[in-house]
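Here is a short set of exercises to work through with the model open beside you. Try each task before reading its solution.

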Amino acid sequence: MAEVKAQEHSGSGNLAILTKVDRLRELIGNRIALPQLVVVGDQSSGKSSVLENLTGFAFPRAAELCTRYATQITCRREQIEIITVSIIPNQDASPDEQARIKKFQRTLNELDPAILAQANEAMGIRPGGDDVAPDKTSLPAFSKHILRIEKFGPKEEHFTVIDVPGIFRNETEGLTVESDIALVRDMVKNYMKDPRTIILAIMPSNVDPATQEILKLAKKVDPAMSRTMAVLTKPDLATESTTQQIAIDHVMGKRSDLVLGYYIVKNRGPDHADKTLEEGQADERQFFANAPWSALKYTDRAGIDCLKRRVRELLIDIIKKEFPLVKLEVSKELNSLKSQRDAMGPSRNSPAHPKQKYLNKISETFQSLVRDALGASYARHNMFSDHTLRLMTRIVQQNELYSDTMSRSGHTRRFRIMEEDENSQSETNDDMKALPDLYPNLHEIFDTITPIPESDMEGDILDYISHVYTSSRGQELGTFSGSLLGTIFQEQSKKWEPITIQHLNVIIWHVHHFIHAALRESCSDAKVFEELWNTYLLDELQGSYLAVLDRAKLLLKIERDCCPITYNHYFNDNLQKEQGKRLVNAVEKLSLDLHVSFFPKDKLLHIPESSLQKLAANKSNSEHVCEYMHDVLYSYYKVSRKRFVDVVCQQAVNYYLLAAEDSPLKIFNTQMVLHLNEDQLDTIAGEDLHIRQRREKLARDIANFEAALKVLKGSG
């Protein structure tokens, strides 16, 4: 008595498990791979007959009615005896087609060929037979939709199996074409590949299983052959003793490489179509009781009863094994769906200014990224794993390069007395060539200042100063005018403009690149991003960049065109230092000319007083003035260059490009959103039809996955 109760309890538990899988298949079967039994085989392999015996009801034998799409067959124990037929739409179908397909629902007492013909029409596939209407000939022969047949009754055992179209190799005139061969093969492989699928490979007994293509396909998706079971059919057609023995050896495991092994069944043949399933199964038992098939009597692998019992056990086993993993996948997918929904924000078609709220949220996220970029807080967001988006680091690097370039290459001609780090010239910062050409609109605003030709930088600077002095001097005695210094300074600093503008072009590119990436990161809706970027921000950004370039040109004009002036004490320090160097050089030269000895360690010179009186006697007035002009120019140039580099980096870059209220980084903010009118809000943030459809689909998917999670937890 206790044993009977235990079996009843076990049967009840298994029934609950199978019911859960059926419920999950309804909710998420097209999104999550579920444990399932799939029947595969060639056309005319006996597949339909095996299904009839497994499910307990006969399919109509009208031509090509049930072989051109996958069919999910479920038997379920219920008090009412009834059959329902519906269609599960392919998830890649359009929303309209899915809605139309879902409307196909039929309830009947027995499976009628007319119902299946209606299903064919609902799926949009070509009817079978020779009298196809002309307007139907262009329809496809196969469909990726799934026909669902559910059979309920008080005597039914809970069971679900999926039938897929049989593999074929030749076209059928008026019905199939060459492309259909590959389509069916791909469909079959797609159903076989999932590791949670038990493959029931059907093949006739009168051919050697080793030559069957269906097993080769199974081997590709199930290399260990651990979830593939072979079913031999039509043993009555295996008339030769050799063929019979091959089939018997496979069933007895003597030739099998399948972990689940081979089973053998005898179905009703074409000549016994008038027999009931029960009568056919009685004939099968009688057939296997006779030699040579009686050798299989103790294998428990001959006959539909053995097969049905075993596949049901396998299905329950794989369900129990995979349920924890299915639960994890469902939870993960549910979280992903919710993240996608949250990223879309609330519906922008609802009241209370949702478009404005939506854009405000995007602007707040954008400004948060801006703050992290300017503060070099790169660990806060994954976006900064792309080092080109580490904005402050890029700007510091470019400012340092700009300062170095100005120091080495900013002067038109080399000074006679330059420090070692200034005594080599390099090319103008040409970093723009290394930047990707991602933003064609920037070409409209970038200034293309022509670098100073190399020929203009040739010649000795004292020769140039002498030429300017002799062609512009007045009646000054032993000195020169301030305007003359300004003229020479302009010439010596004329490379500042191309170097500075080029530097700002590079900085603007980095700022623009960051803004584009940060906005895309903040805005998950591609349509909103494109509208916001192209309709509003791009023009504003271009205007802001132009303003920065104009301010830089103003700084250039102030520094180069105004009268040279400085109150920096380093000017006099530099001038006195250079004058001192010139004196020491002259004294050393004099001592060498006189061959006067000196002590090497402290260079203590011993020069007669008469020689010192002649120290500058050989210099003309103009030579003396030109040398002095050179020293004054050099001393002022150093102060001016350092001052100008700092001003450009501080004002043009750090303030106008980064920190000012009207800087490019501050254009997209809450105040901008508040000033958008209704038309602008609709243009930028209005939801298109496909967005609304995606939102609705996400809501449906989330509801289905939440329901599926409840089923897995036993509460749904």
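Two strands pair if DSSP finds at least two bridges between them. Helices (H or I, at least four residues) and strands (E, at least two) are DSSP runs, numbered from the N terminus. This is a predicted model, where local features need pLDDT of at least 70 and side-chain atom pairs count only at pLDDT 80 or more, while totals for chains, interfaces and linings use all residues. Residues are numbered from 1 along each chain as its sequence is written, and side-chain values use heavy atoms, with hydrogens and water left out.

**Exercise 1. The sheet**

Work out the strand order of the nine-stranded open sheet, and find its edges.

*Solution.*
- Step 1: Lay out the strands. The order is E4-E3-E5-E2-E6-E1-E7-E8-E9, and the pairing is mixed.
- Step 2: Look for strands with a single partner. These are E4 (105-108) and E9, at the edges, so each has one side without a neighbour in the sheet.
- Step 3: Follow the twist, which averages 20 degrees from one strand to the next. Angles here run from 0 to 180 degrees between N-to-C directions, and axes are lines fitted to C-alpha atoms, for helices over the stretch in contact.
- Step 4: Inspect one pair. Strand E1 (residues 36-41) and E6 pair in the parallel sense over two bridges, and Val38 has Ile162 as its bridge partner in E6.
- Step 5: Add a helix. H5 packs on the sheet and touches E1, E2, E5, E6 and E7, its direction making about 150 degrees with that of E1. Contact means heavy atoms within 4.5 Å.

**Exercise 2. Strand E5**

Describe the neighbours of strand E5 and decide whether its residues are buried or exposed.

*Solution.*
- Step 1: Fix the cut-offs: buried means under 20% relative accessible area, exposed over 50%, and partly exposed in between (1.4 Å probe, protein chains only).
- Step 2: Apply them. Eight of the eight residues of E5 (residues 146-153) are buried, so the strand is largely enclosed by the rest of the structure.
- Step 3: Sort the side chains. Ile146, Arg148, Glu150 and Phe152 point one way, Leu147, Ile149, Lys151 and Gly153 the other way, and all are buried.
- Step 4: Take the parallel neighbour. Strand E2 (residues 70-77) is joined to E5 by eight bridges, and Cys75 stands opposite Lys151.
- Step 5: Take the antiparallel neighbour. Strand E3 (residues 82-88) is joined to E5 by seven bridges, with Ile87 partnered by Leu147.

**Exercise 3. Two helix pairs**

Characterise how H9 packs with H21, and how H10 packs with H14.

*Solution.*
- Step 1: Recall the description. Two packed helices are described by the angle between their axes and the distance between the axes.
- Step 2: Set the classes: angles under 35 degrees count as roughly parallel, over 145 as roughly antiparallel, 65 to 115 as roughly perpendicular and the rest as oblique.
- Step 3: Take H9 (residues 304-344) and H21 (residues 689-713). Their angle is about 150 degrees, with the axes 9 Å apart, and they are therefore roughly antiparallel.
- Step 4: List the contact. Among its residues are Phe323, Val330 and Leu337 of H9, and Leu698, Phe705 and Leu712 of H21. The contact divides into 13 nonpolar, two polar and nine charged residues. Ala, Val, Leu, Ile, Met, Phe, Trp, Tyr, Cys and Pro count as nonpolar, Asp, Glu, Lys and Arg as charged, and the others, Gly among them, as polar.
- Step 5: Turn to H10 (residues 354-374) and H14 (residues 496-522). Their axes come within 9 Å and cross at roughly 135 degrees, so the two helices are oblique to each other.
- Step 6: Check the residues. Ile362, Thr365, Phe366, Leu369, Val370 and Ala373 of H10 meet Phe514, Ile515, Ala518, Leu519, Glu521 and Ser522 of H14. By class, this contact has nine nonpolar, two polar and one charged residues.

**Exercise 4. Helix H7 and two loop residues**

Find what the buried residues of H7 pack against, then locate Leu175 and Gln212.

*Solution.*
- Step 1: Count the burial of H7 (residues 241-251): eight of its 11 residues are buried.
- Step 2: Find their partners, strand E8 (228-233) and strand E9 (262-264).
- Step 3: Move just past H7, where Gly253 takes a positive phi of about 85 degrees.
- Step 4: Leu175 lies in the loop between E6 (159-163) and H5 (178-192). Leu175 is buried, at a relative accessible area of 9%.
- Step 5: Gln212 lies in the loop between E7 (197-204) and H6 (213-221). With 12% relative accessibility, Gln212 counts as buried.
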